[in-house]
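Please study the sequence and the structure shown here before attempting the exercises.

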Amino acid sequence: MQLYSTNNSELRVDFKEALFKGLPDDNGLFMPCIIPKLPESFIQHLPNYTLPEIAFTVANTLLQGAIPETDLRHIITRAINFPAPVVKLTAHQYILELFHGPSLAFKDFGARFMAETMSYFNRAETKELVILVATSGDTGGAVAAGFYQTPGIKVVILYPSGKVSPLQEKQLTTLGHNIQALEINGTFDDCQALVKQAFLDTQTRDNIRLSSANSINIARLIPQSFYYFEAYKQVIQDTPNTPISFIIPSGNFGNLTAGILAKRMGLPIQHLVAATNINNVVPEYLSTGVYKPRSSERTISNAMDVGNPSNFARMNNLYSSTWNIMQEHIKGFYFTDEETADAMRSVQKEYNYTLDPHGAVAYLGMAEYLELYPDTAGILLETAHPAKFIEDVEEILQEKIAIPEALKNLEEKEKHSILMEPDFEVFKSWLLEHY
Ligand SMILES: *Cc1c(COP(=O)(O)O)cnc(C)c1O
């Protein structure tokens with residue numbers, strides 16, 4: 001498998017290099033040079049395959065030998081070890097639940113696959129690999145869980161003290177083993193700056209094998225295409241011969257980009273529907289052809305508070321910067337917090353189904369989309385379990401919601417973190433002493 005940079009189509013790296021580098025030196029994003037089509041018989045026979053079998057075939061086709069088949073099977077078995085069930089809401093409305101992994105959000109798919117592939121390529125190294133991650137709370141939990149107990153790899157997570165939710169903090173600080181949390185007495189930007197400085201510091205680099213677990217790593221994108229096939233498989237059995245579209249609650253647009261990959265590989269997706277909160281630069285681009293990034297605004301679907309989505313460069317590349325074709329394939333809608341809260345209440349009341357705020361944005365997008373395309377079946381991606389946002393969800397619904405075992409157990413666990421000032425010299429000495 002060869003990859004290029006969205007800033008330079010001439011640049012070529014192999015999968016291993018893209019995996020460990022995360023970002024090309026020119027600050028573009030890595031993209032596969034070739035997106036092979038799956039055999040039509042595979043699509044027709046999807047109902048015969050399990051999720052891990054589908055994941056293996058999709059990954060093996062994309063990776064084109066970058067990982068030998070037996071090793072790739074092993075990686076998939078370990079990474080994709082939880083289900084992605086579809087729940088039927090109405091005749092044309094389905095919900096793909098992506099929150100059955102360890103951190104209860106879809107980011108588990110990407111984080112676990114990245115951890116397993118890194119561990120695989122790292123297996124011959126004698127020196128341990130140290131992964132530095134700065135988190136504002138959201139991705140840290142998936143990364144921590146994904147790398148937990150991975151041999152040969154240690155993870156250092158930097159998070160801003162007092163600025164992540166109590167639950168998120170527990171997800172970062174209670175695992176132990178190879179996962180170390182640093183509670184930085186500063187902001188998320190301070191955390192990010194410390195990580196950046198460590199990568200630039202020659203003494204640190206000479207002594208420690210460093211890597212990052214960036215959210216735009218290609219190894220996080222690839223596994224996110226698996227569940228489009230899995231959902232299609234479940235819905236096409238329920239409603240044969242109906243065109244199928246996906247509604248994706250979007251922030252950095254990684255999930256939506258993975259949907260484009262699935263479509264390019266041959267999955268018959270009618271439309272991909274981008275649903276956002278008021279941070280609507282992409283829906284705006286789809287309707288006007290003008291891309292105007294701006295600073296983000298806070299909403300109740302805060303994992304989607306993004307003003308300049310990083311994966312837009314990938315989307316644009318996949319459509320060769322042609323707005324009119326992108327606009328034919330991708331529909332965009334955006335909604336306010338009031339509309340989102342109303343949707344959560346009405347779905348709870350009508351169907352006794354609890355959506356989280358991100359899924360509720362997608363639900364609204366699905367309703368608008370199906371007005372325009374009533375003969376289509378819509379599958380919305382429910383990206384997180386509602387209990388992850390328990391304070392907001394209970395306040396909006398005015399009732400208690402059930403908490404999954406995984407979260408209940410967390411509450412009782414003890415937090416272990418090291419409090420640190422946002423000072424690079426302090427961070428550097430700590431790193432050199434411990435790794
Ligand atoms: C990260 C996240 C999103 C946004 O996903 P992108 O791939 O960045 O568009 C949506 N919902 C939840 C719950 C998330 O954690």
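The exercises below treat the ligand, a strand with its partners, the cysteines and a hairpin. The model is predicted: local features need pLDDT of at least 70, side-chain atom pairs count only at pLDDT 80 or more, and totals for chains, interfaces and linings use all residues. Residues are numbered from 1 along each chain as its sequence is written, and side-chain values use heavy atoms, with hydrogens and water left out.

**Exercise 1.** Describe the surroundings of the ligand.

Solution. Begin with the residues around the ligand, that is, those with a heavy atom within 4 Å of it. There are 15, of which Lys107, Gly251, Asn252, Phe253 and Thr383 come nearest.

Next, sort this shell by class, with Ala, Val, Leu, Ile, Met, Phe, Trp, Tyr, Cys and Pro as nonpolar, Asp, Glu, Lys and Arg as charged, and the others, Gly among them, as polar. The shell then has six nonpolar, seven polar and two charged residues.

Then consider individual atoms. An oxygen atom of the ligand is 2.5 Å from a polar side-chain atom of Lys107. A polar backbone atom of Gly251 lies 2.8 Å from an oxygen atom of the ligand, and a polar side-chain atom of Thr383 is 2.8 Å from a nitrogen atom of the ligand. Finally, the protein buries 95% of the 390 Å² that the ligand exposes when taken alone (Shrake-Rupley method, 1.4 Å probe).

**Exercise 2.** Explain why strand β13 is largely enclosed, and identify its partners.

Solution. Strands here are DSSP runs (E, at least two residues), numbered from the N terminus. Buried means under 20% relative accessible area, exposed over 50%, and partly exposed in between (1.4 Å probe, protein chains only). Six of the six residues of β13 (residues 377-382) are buried, so the strand is largely enclosed by the rest of the structure.

Ala377, Ile379 and Leu381 point one way, while Gly378, Leu380 and Glu382 point the other way. In a regular strand the side chains alternate between the two faces of the sheet.

For the partners, two strands pair if DSSP finds at least two bridges between them. Strand β5 (residues 93-97) pairs with β13 in the parallel sense over five bridges, and Ile95 stands opposite Leu380. Strand β10 (residues 244-249) also runs parallel to β13, joined by four bridges; there Phe246 has Ile379 as its bridge partner.

**Exercise 3.** How many disulfides are there?

Solution. Apply the rule of a pair of cysteine sulfur atoms within 2.5 Å; the count is zero. As for accessibility, Cys33 is partly exposed because its relative value is 29%, whereas Cys191, at 0%, is buried.

**Exercise 4.** State how β1 and β2 are connected.

Solution. A hairpin links β1 to β2 through two residues. Strands β1 (residues 2-5) and β2 (residues 8-14) run antiparallel, joined by three bridges, and Gln2 stands opposite Asp14.

How values were computed:
A polar contact is a pair of N or O atoms within 3.5 Å; within protein, one must be able to donate a hydrogen and the other to accept it, and residues adjacent in sequence count only if both atoms are side-chain atoms.
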